[in-house]
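Visitor: I'd like to learn how to read a structure like this one. Could you walk me through it?

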Amino acid sequence: DEEKKLLSNVQSTVDLTEKQLKARPFLMDRNEIMIRFMLFYGLTLKELIDLQMKDINFALNELVVHSKEGTKRTIVLSKEDRILLYQYFITIPEPVRPHYHSSHPLFVAFDFNRMTFHWVYDTDSPKALSEIAFQKMLRLEVKRAGLRKGLCSQHLRNTFILRKIKEGLLLEEIQHLVGLKTAVSLKRYYQFAKEEAN
């Protein structure tokens, strides 16, 4: 229920200030696809923020995710999510749009004063969205959706892991899906799922 509320709320304009309303068309698709990457593909906040243009292949629906352990995994996106990601990409005005196959960030910071995406002239590239900016955005969306306080990016990834356990996936399969070197940290999720089932 919380998941549905959050996702439908991201595309709404309820409880937004005049300034936020102006920026909304640029941010709706970006914010939704970032949340979906965590909920439905199990990305961590760091993995999400670190994504670069060279990691996405729109033609093959594939996304390469680099974990902090140095491993990488390829995720196949649903058609719906690939379209949403592409819609976000083309909302970025061409002069400040990240370049294909480059080390430009996939998720770009937004400049509310100029009402466009941030471009860093020193590096001649878009400014990556920061972890703090994502957390702030998520807090705002959670509040607007009327969900419980304290919901964070970790909860989104946890939801993905628990969903995969309920689907009956093996420990090793989930470990591979979420890019963990060992399955040790997954044991607590199995414990939680077991207790919840009882």
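**From the whole chain to one residue**

Guide: Happy to. Keep in mind that this is a predicted model. To start with burial, 45% of the 198 residues in the protein chain are buried.

Visitor: What secondary structure elements does the protein chain have, and how many of each?

Guide: You'll find 8 helices and 7 strands. The radius of gyration is 17 Å, close to the 16 Å from the globule rule for 198 residues, so the chain is as compact as a globular protein of that length. Along its principal axes, the C-alpha trace spans about 50 × 40 × 30 Å.

Visitor: And how do I read the contacts by sequence separation?

Guide: Take the contacts with a separation of 6 or more: residues 24 or more positions apart account for 56% of them.

Visitor: What about the surface and the charges?

Guide: The accessible surface is about 11200 Å², and carbon and sulfur atoms hold 54% of that. As for charge, there are 31 positive and 25 negative side chains, with the centres of the two sets 3 Å apart.

Visitor: Let's zoom in. Is Asp81 buried or exposed?

Guide: Here you compare the relative accessible area with a cut-off: under 20% is called buried. Asp81 has a value of 2%, so it counts as buried. Its place is in helix 4, which covers residues 79–91.

Visitor: Which side chain does Asp81 pair with in a polar contact of 2.5 Å?

Guide: That's Arg36, side chain to side chain. Leaving aside residues up to four places away in sequence, Asp81 touches Ile33, Arg36 and Tyr41.

Key
Residues numbered from 1 in each chain as written. Predicted model: local features only at pLDDT ≥ 70, side-chain atom pairs only at ≥ 80, totals over all residues. Heavy atoms only, no water. Helix = DSSP H or I, 4+ residues; strand = E, 2+ residues; numbered from the N terminus. Rg over C-alpha atoms; globule rule 2.2 N^0.38 Å. Buried < 20%, exposed > 50% of the residue type's maximum accessible area, 1.4 Å probe, protein only. Contact = heavy atoms within 4.5 Å. Areas by Shrake-Rupley, 256 points an atom, 1.4 Å probe, with all protein chains shown as cover. Lys, Arg positive; Asp, Glu negative; His and termini not counted. Charge placed at Lys NZ, Arg CZ, Asp CG, Glu CD. Polar contact = N/O pair within 3.5 Å; in protein donor to acceptor, adjacent residues only side chain to side chain.
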